[in-house]
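Please open the model in your viewer and keep the selection tool at hand, since each stop on this tour asks you to pick out a few residues and look at what surrounds them.

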Amino acid sequence: METFDYVIVGAGSAGSVLTNRLSEDAGTTICVLEAGPRDWHPYIHLPAGFIKTFHMKSINWAYKQEPGPYTGGRSIYAPRGKTLGGSSSINGHIYNRGQRQDFDTWAQLGNRGWGYPDVLPYFKRLERRVGEGDDTYRGRDGNLTVTTMDWRDPLCEAFMAGAISLGIPRNPDYNGRIQEGVSYAQRTIKNGLRVSAATAFLHPARKRGNVDVRTHAHATNIIFEGKRAVGVRYIKGGRGGVPVEVRANKEVILAGGTYNSPQLLQLSGIGSPDLLRPLGIEVRHALQGVGEGLQDHYAPRSVARVKNIKTINELRQGWHLWVEALKWATTRRGLLSLSPTMVYCFWHSGETTESSDLQLTFTPASYKEGVQGQLEDQPGMTVASWQQRPESRGYVRISSADPFQQPIIQTNYLAAELDRRVVVAGMKLARRLLKSAPLSPYYEYEDFPGPGVQSDDEFLAAATQRGTTTFHPGCTCRMGPANSSWAVVDDQLRVHGLERLRVIDASIMPRMISANLNASTMMIADKASDLIRGRQLPEAAVVVS
Ligand SMILES: Cc1cc2nc3c(=O)[nH]c(=O)nc-3n(C[C@H](O)[C@H](O)[C@H](O)COP(=O)(O)OP(=O)(O)OC[C@H]3O[C@@H](n4cnc5c(N)ncnc54)[C@H](O)[C@@H]3O)c2cc1C
């Protein structure tokens, strides 16, 4: 059996950062197992290619969720990257860290070293911020380039003016001291190309010579000696392929993401005995929290029809698209350099909420049946609105011992009463924004939820019919103290009760944060790399509220 110091399962956002940092020690050997192929496909790198990769099964797990109590009987689609860079290779490129209180809450749950002042140095170390920002909060020399959307569009400008007319301030940097306000989105885009975790961190690490990245390597089991993880079994080439084992001298690290890390633990006999025994899986270590606690952001997308101006819907049709392709080829700008959302707005659902609890995005485009991925033919603009810190929780549970069968994903969107209230408030704010005076020259009529929707119950019914994921699942291997029934890993990200096994990805978040998850997932991996290497942690940042 081949032996490495570390075997990392998953070359996604977390796996790529980890590989980079651990391989800085020239004497360390690392094997990275990635179920998907290399990230060669041009649509990964072309920013607007997200519309294509969204459903591309060769590089996307393309999971289906279970219908929930408030999804109107629908199974909501759950794309996940399956290639080098993982979901950061197919995501919407938005860079958003979250609020100070998100991380302070993690620390208050008993996780030492995870408060905002502790994690800020890692956010800074990772990024190379190009553009506005206070250097107390922003990094300038990391691998991850963060730019601000440079597309200027009268509809975006009118939307921001509309927000300001409602009392929402313009915020030059929502990743700075305070998140709330409205502004153009910040993105992981450099020279008109996507900056995935693989391009920023994994590929440079591969040049060091101590990293062995294996693609088409689907991990099926963790190999144990007693309670100690000593290696990983994988199938080369996917179902029906060749079984291979690799050994880890130091540690096995799971970075397969929120759906797949708990799946691999359960397949390896770690989880609730009530789940595993009926499936014929021998219980190696009973750990109730594995797969439990899933959270995500749930967003209804409000759509208005547009007049007097062209939206992206028309600009990508016929000869316009050729012009845009030429523009991108010659200047790396224009339509093909865009992200799915252009303007970000953070605001309160009510006067008593202390910090913003709503996130809204604006796009001068609209999607078929309110779903991202397929643009409509007629002019439209969309405001997606979601609650930042939902309370509802669901689970990820395997339904068989077959490692190639997708696990059951039940997010239980809107199960908590607070979540329903805040989502309804978000839809109402979206309506006010779309109907604001600065947008009136372009606003024709509200298409969804439509003028017939007026009462809270009607808004909720509309959210139930058409809400979708914002692709931010987390919290299925939660970090917490050993005496918490829900905790899977400790604050060093070691699996409770086992040796030499860590989980390091979005699944370890104990609570959903007020942001898209890519930035914080990379922060988690960067901090974890210092914990693994036993390096002195950076001094906590001194920040004023
Ligand atoms: C469509 C979409 C849009 C998004 N938009 C944004 C956005 O704009 N901004 C933002 O901040 N966040 C966004 N996100 C979320 C963000 O990208 C993810 O939260 C983040 O990338 C998660 O990182 P991770 O390391 O936990 O998992 P991933 O990056 O998903 O990595 C997991 C990796 O493990 C591999 N893997 C899984 N199981 C196995 C196995 N058994 N064997 C071997 N390999 C395995 C996977 O193939 C994958 O490469 C989006 C996500 C999606 C899907």
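Begin by selecting residues 343-347, which form strand β20, together with residues 358-363, which form strand β21; in this predicted model the two strands pair in the antiparallel sense over five bridges. Within this pair, find W347 and look across to L358 in β21, which stands opposite.

Now widen the selection to the whole sheet, an open one of six strands that pair in the antiparallel sense and follow the order β7-β20-β21-β22-β19-β25. At its edges you will find β7, residues 181-184, and β25, residues 443-448, each of which pairs on one side only. Turn the view to look along the strands: neighbouring ones are turned by 20° against each other on average, with direction ignored.

Next select helix α12, residues 417-434, which packs on this sheet and touches β19 (301-306), β20, β21, β22 (380-387) and β25. The direction of α12 makes about 150° with that of β22.

Keep α12 shown and add helix α13, residues 456-466. How do the axes of α12 and α13 cross, and within what distance do they come? They come within 9 Å and cross at roughly 95°, and because angles of 65 to 115 degrees count as roughly perpendicular, α12 is roughly perpendicular to α13. To see the contact itself, display the side chains of R420, V423, V424, M427, K428 and R431 on α12, and those of D456, F459, L460, A462 and A463 on α13. The residues of this contact divide into seven nonpolar and four charged, with no polar ones.

From here, step back along the chain to the loop between β25 and α13, where P449 has its place. Select F448 and P449 together, for the peptide bond that joins them is cis, with omega at about 5°. As a general background, most peptide bonds are trans, and most residues other than glycine have a negative phi.

Two further loop residues are worth selecting with that background in mind. N308 lies in the loop between β19 and α10 (312-315), and its phi is near 65°, a positive value in a residue other than glycine. F471, in the loop between β26 (468-469) and β27 (501-503), likewise has a positive phi, near 70°, and is not a glycine. Are these residues buried, partly exposed or exposed? N308 is exposed, with a relative accessible area of 63%, whereas F471 is partly exposed, with a relative accessible area of 26%.

Move now to helix α7, residues 197-206, and colour A197, A198, A200, F201, L202 and A205, which are buried. The buried residues of α7 pack against α1 (13-22), α5 (116-126), β6 (144-148), β11 (211-214) and α14 (518-533), so that showing these elements beside the helix completes the view. At the N-terminal end of α7, select S196, which caps the helix: one of its side-chain oxygens lies 3.1 Å from the backbone nitrogen of A198.

For the last stop, follow the chain to helix α14, one of the elements that the buried residues of α7 pack against, and select D530, which has its place in this helix. D530 has a relative accessibility of 1% and therefore counts as buried. Leaving aside residues up to four places away in sequence, D530 touches Y122, R125, R535, Q536, L537 and P538, and showing these side chains lets you view its surroundings.

Conventions: Residues numbered from 1 in each chain as written. Predicted model: local features only at pLDDT ≥ 70, side-chain atom pairs only at ≥ 80, totals over all residues. Heavy atoms only, no water. Pairing = 2+ DSSP bridges. Helix = DSSP H or I, 4+ residues; strand = E, 2+ residues; numbered from the N terminus. Axes fitted to C-alpha atoms, helices over the stretch in contact; angles between N-to-C directions. Contact = heavy atoms within 4.5 Å. Parallel < 35°, antiparallel > 145°, perpendicular 65-115°, else oblique. Nonpolar A, V, L, I, M, F, W, Y, C, P; charged D, E, K, R; others polar. Buried < 20%, exposed > 50% of the residue type's maximum accessible area, 1.4 Å probe, protein only. Polar contact = N/O pair within 3.5 Å; in protein donor to acceptor, adjacent residues only side chain to side chain.
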